[in-house]
Amino acid sequence: MKIPLVNVAKNFESIKEELNLAIQEVIRKGNFILGEEVRLFEREFAEFCEAEACIGVNSGTDALHLVLRAMGIGEGDIVIVPAFTFIATAEAVWMTGAIPFFVDIDEETYTLSPSLLEKLLEERWREGCDRITGKKFKGVIPVHLYGHPCNMEEIVRIARKYRLLIIEDCAQAHGARVFLNGKWRRVGSIGEAGCFSFFPAKNLGAIGDGGAVVTSNKEIAEKVHLLRNHGRIEKYEHIIKGFNSRLDTIQAAVLRVKLKYLDGWNEKRREIAKRYIKNLSGLKGIKINLPKEWAEPVYHLFVIETERREKLVEELSRRGISTGIHYPSPLHLTPSFRDLKYSKGDFPVSERCAERVLSLPLYPELSDEEVDEICRIIKGFLTGSS
Ligand SMILES: *Cc1c(COP(=O)(O)O)cnc(C)c1O
């Protein structure tokens, strides 16, 4: 038996005809840059996210970068970021000239800890600035890691209190919902803006790079719109300095086809996660986080924790089962951010997760039998009978 961690090809295979037609149509029209499919996808994805506007861009990293710039964030500013996420969350802050300030995560959701966020601000915030460096606290990027939403009720409360902008990193959480003020809300529609990646392996994946910003703030939407296309309103009429960060028409056409299936695929992911949880719960030697009652996660990844990770990876791999580690290093100990001068011990939960987390195979086409087989091997390993 061979089971990959993700199976992008199998997913495309399931809707091959529809995708080919959509791609052929773009080729026939020859409108490869900002063709009408981009506008149509933007409208459909904004509606899906329950936001007013969507702007398609080059990647999830660019979505974060451009929206931070659109909010006027740059040199002399601080943006708070969880210490445990994909590197792009912090890189986007650095791309604007601002400084990423790390906060540890909550061990039950793997997302930004509201109580530690509040503690940091209580200790360091003075009249909008950091009392030590004098830099301005401007924003916070909650990351809905692995597809589980952050505790947005608390994060919104703290951000309002300290006048921080909220930029949701939804790169792993397309379609996830969180219960807020008596209503289920899609992630991306809660903060000032939400940023999405359409990297092929994400829950909504393109056939190359792609990303989007969603927002209900008109000014932010207009600014991102300009920034993604050389700051221009008309051909050769450039009113601000911008970038080339457009979503390709072909990618938009593919994403339009796939968006119709997304809620169904996410439901499959939740069912698979439930099966993993049922099979593996109560076993000594692993920890599995259950979803919070205020969250409807979309399981971009199914993650367990174990102190015997290396050996378990070996055993699974020997049986043909691929796994992943998301992520082996917390951001504050990643060499590229060593200039920020954090040290080991600063964010213990992130550090422990980096040592213990293990992602098991998960994609909508994974069968019950495959899940059961993976669980059997894990059980055997943990109980010493394999
Ligand atoms: C994938 C990802 C990104 C970056 O998206 P790209 O499209 O690869 O640039 C940002 N943040 C998180 C949490 C991600 O998983």
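In this predicted model, the ligand is surrounded by 14 residues, the closest being Gly60, Thr61, Gln172, Ser197 and Lys202. Sorted by class, that shell comes out as eight polar, four nonpolar and two charged residues. Two helices, α4 (60-70) and α5 (88-95), each chip in at least two residues of the shell.

As for individual contacts, a polar backbone atom of Gly60 sits 2.7 Å from an oxygen atom of the ligand. The side chain of Lys202 also has an N or O atom 2.7 Å from a ligand oxygen. On the nitrogen side, a ligand nitrogen atom is 2.8 Å from an N or O atom in the side chain of Asp169. Taken alone, the ligand would expose 390 Å², and the protein buries 93% of that.

Turning to the rings, the count comes to 17 aromatic pairs. One of these pairs is Phe102 with Tyr342, where the ring centres are 5.1 Å apart and the planes meet at 45 degrees. Stacked pairs need planes under 30 degrees apart and edge-to-face pairs over 60, so the Phe102 and Tyr342 pair goes down as tilted. Phe102 belongs to strand β3 (residues 99-103), while Tyr342 is in the loop between α10 (309-318) and α11 (348-356), so the pair ties together parts that are 240 residues apart in sequence. The two partners also differ in cover: Phe102 has a relative accessible area of 2% and is buried, whereas Tyr342, at 23%, counts as partly exposed.

Trp125 and Tyr162 make another aromatic pair, this one edge-to-face, with 5.2 Å from centre to centre and 75 degrees between the planes. Here too the pair links distant parts of the chain: Trp125 is in strand β4 (residues 125-126) and Tyr162 in the loop between α7 (152-161) and β7 (165-169), 37 residues apart. Both Trp125 and Tyr162 are buried.

Some rings gather in a bigger group: Phe41, Phe45, Phe48, Phe196 and Phe198 form one aromatic cluster. Phe48, a member of that cluster, also has a charged neighbour, with Arg186 lying over the ring face at 4.1 Å from the ring centre. A similar arrangement turns up at Phe12, where Lys258 lies over the face of the ring, at 4.1 Å from its centre.

How values were computed
Residues are numbered from 1 along each chain as its sequence is written. This is a predicted model: local features need pLDDT of at least 70, side-chain atom pairs count only at pLDDT 80 or more; totals for chains, interfaces and linings use all residues. Side-chain values use heavy atoms; hydrogens and water are left out. A residue is near a molecule or strand if one of its heavy atoms lies within 4 Å of it. A polar contact is a pair of N or O atoms within 3.5 Å; within protein, one must be able to donate a hydrogen and the other to accept it, and residues adjacent in sequence count only if both atoms are side-chain atoms. Accessible areas come from the Shrake-Rupley method with a 1.4 Å probe; for residues, only the protein chains shown count as cover. Helices (H or I, at least four residues) and strands (E, at least two) are DSSP runs, numbered from the N terminus. Ala, Val, Leu, Ile, Met, Phe, Trp, Tyr, Cys and Pro count as nonpolar, Asp, Glu, Lys and Arg as charged, and the others, Gly among them, as polar. Rings of Phe, Tyr and Trp (its six-membered ring) pair if their centres lie within 6.5 Å; planes under 30 degrees apart count as stacked, over 60 as edge-to-face and the rest as tilted. Buried means under 20% relative accessible area, exposed over 50%, partly exposed in between (1.4 Å probe, protein chains only). A charge sits over a ring if NZ of Lys or CZ of Arg is within 6 Å of the ring centre and within 35 degrees of the ring normal.
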